[in-house]
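This report describes one protein chain for a reader who has not met it before. Please consult the sequence and the structure shown below while reading.

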Amino acid sequence: MTQPQAREQELSTQRRILETVLKDYGSSVIALSGGVDSATLAVLSHLALGERSLAVTGISASVSAHQKTLVKRVLRAHPMPHEWIVTEELASEAYRENKADRCFHCKNVLYGRLRQLADQRGFAMVLDGTNADDLADVRPGRQAATQLGVQSPLLECGVGKEAVRALARELHLPVAEEPASACLASRVPPLLQISADILAQIDASEDVLRRLGFSACRVRHHGELARIELPPEQIERALNPVIGERLAERLGRLGYRLSLIHI
């Protein structure tokens with residue numbers, strides 16, 4: 001057996017195991033962020049459970065317009081039961097303080113809402129898209145998932161990022177190659193108070209970059225300074241004087257007096 005054939009067989013086995021686990025749940029609510037992990041899980045859950053599977057997307061100031069667009073693309077590619085719910089993590093002082101446990105307070109709000117919805121509607125499980133490779137990162141949100149009984153089938157079945165992307169391609173999902181991206185609050189330096197205005201400023205700035213043709217971009221907020229992060233292959237274009245002038249002018253309108261570009 002060749003290496004590609006072995007990988008294909010392994011992927012097929014992982015998909016069968018996932019589908020069996022999802023069917024065994026009986027019914028599920030899935031946290032759908034628009035990223036490849038949650039999108040792949042939501043689609044597989046729908047294929048396994050039909051109308052007994054409900055994808056839910058939380059909307060808040062920390063969710064970018066781009067993320068919402070990704071969710072809509074997934075739903076167009078694979079129509080399935082889906083709802084938007086408003087989360088209010090900014091109402092939490094602990095979240096706004098932006099300490100090391102910020103992600104816990106965010107996920108605690110989201111998963112709490114999903115758990116409440118599941119209990120009210122009679123869904124057996126609440127699921128998230130944590131994959132087997134995510135354990136390499138520090139993720140305070142995992143504590144919230146554990147406390148609220150949220151299951152992570154990709155993690156539990158040993159499915160890592162590469163396999164998730166392969167499954168997404170197999171399912172013809174438009175987010176199969178979408179770069180990983182954390183919430184907007186991750187662009188704010190630790191201990192700098194988070195506000196809806198700052199998050200909106202970051203969101204609008206990243207939208208400027210996308211409209212100028214950049215991808216996988218992040219704008220780190222440092223008061224009047226915007227620190228722009230781009231993949232190495234896009235740096236040369238960003239340093240083009242014409243593009244740079246447009247970028248500086250448009251970010252200036254949004255309140256950033258200075259901008260620095262980093263890999």
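His172 adopts a positive phi of about 60 degrees just after helix H8. The model discussed here is a predicted one.

**Helix H8 and its surroundings**

The residues of helix H8 that are buried are Ala163, Val164, Arg165, Ala166, Leu167 and Ala168. Against what do the buried residues of H8 pack? Their packing partners are H1, H2 and helix H7, the last of which covers 153–156. Helix H8 itself spans residues 161–170, and Glu170 belongs to it. Glu170 has a relative accessibility of 39%; because buried means under 20% and exposed means over 50%, Glu170 counts as partly exposed.

**Salt bridges**

In general, side chains of opposite charge can pair when their charged atoms come close. How many salt bridges does the structure hold? The number is 14. Three of them are set out in the table, including one that involves Glu170.

| Salt bridge | Closest N to O distance | Separation in sequence |
|---|---|---|
| Arg15 and Glu170 | 2.6 Å | 155 residues |
| Glu83 and Arg121 | 2.9 Å | 38 residues |
| Glu206 and Arg187 | 2.8 Å | 19 residues |

In the pair of Arg15 and Glu170, the nitrogen and oxygen atoms come to 2.6 Å of each other. This pair links distant parts of the chain, with Arg15 placed in helix H1 (residues 3–25) and Glu170 in helix H8.

A salt bridge also brings together the side chains of Glu83 and Arg121. Glu83 is part of strand S3, whereas Arg121 is part of helix H5 (residues 102–121), so this salt bridge ties together parts of the chain that are 38 residues apart in sequence. Glu83 is partly exposed at 25% relative accessibility, and Arg121 is partly exposed as well, with a relative accessible area of 46%.

The side chains of Glu206 and Arg187 likewise meet in a salt bridge. Glu206 lies in helix H9, while Arg187 lies in the loop between H8 and H9. Are these two residues buried or exposed? Both Glu206 and Arg187 are buried. Salt bridges with shared partners also build a network, which joins Arg15, Glu19 and Glu170.

**Strands S1, S2 and S3**

Strands of a sheet pair through backbone hydrogen bonds, in either a parallel or an antiparallel manner. Strand S1 (residues 28–31) pairs with S2 in the parallel sense, over four bridges. Within this pairing, Ser28 has Ser53 of S2 opposite it. Between S1 and S2 the chain passes through helix H2 (residues 36–49), and the resulting β-α-β crossover is right-handed.

Strand S2 covers residues 53–59 and is mostly covered, with six of its seven residues buried. Strand S2 is also joined to strand S3 (residues 82–86) by five bridges, and these two strands run parallel. Gly58 has Ile85 of S3 as its bridge partner. A right-handed β-α-β unit is made by S2, helix H3 (residues 65–77) and S3.

**The sheet S5-S6-S7**

What is the order of the strands in the open sheet of three strands? The order is S5-S6-S7, and the pairing is mixed. Strand S5 (218–222) and strand S7 (258–262) stand at the edges; each has a single partner strand, so one side of each is left without a neighbour in the sheet. From one strand to the next, the twist averages 25 degrees.

Strand S6 (residues 225–229) runs parallel to S7, and five bridges join the two. Leu225 has Leu258 of S7 opposite it. Helix H9 (residues 196–211) lies across S5 and S6, and its direction makes an angle of about 145 degrees with S5.

**Asn98 in a loop**

Asn98 is situated in the loop between helix H4 (93–96) and H5. With a relative accessible area of 1%, Asn98 is buried. The side chain of Asn98 is joined to that of Arg102 by a polar contact of 2.9 Å. Which residues does Asn98 touch, not counting those up to four places away in sequence? These are Val188, Pro189, Pro190, Leu191, Leu192 and Ile194.

Definitions and conventions:
Residues numbered from 1 in each chain as written. Predicted model: local features only at pLDDT ≥ 70, side-chain atom pairs only at ≥ 80, totals over all residues. Heavy atoms only, no water. Buried < 20%, exposed > 50% of the residue type's maximum accessible area, 1.4 Å probe, protein only. Pairing = 2+ DSSP bridges. Right-handed = clockwise from strand over helix to strand, strands pointing away. Axes fitted to C-alpha atoms, helices over the stretch in contact; angles between N-to-C directions. Contact = heavy atoms within 4.5 Å. Salt bridge = Lys/Arg side-chain N within 4 Å of Asp/Glu carboxyl O. Polar contact = N/O pair within 3.5 Å; in protein donor to acceptor, adjacent residues only side chain to side chain.
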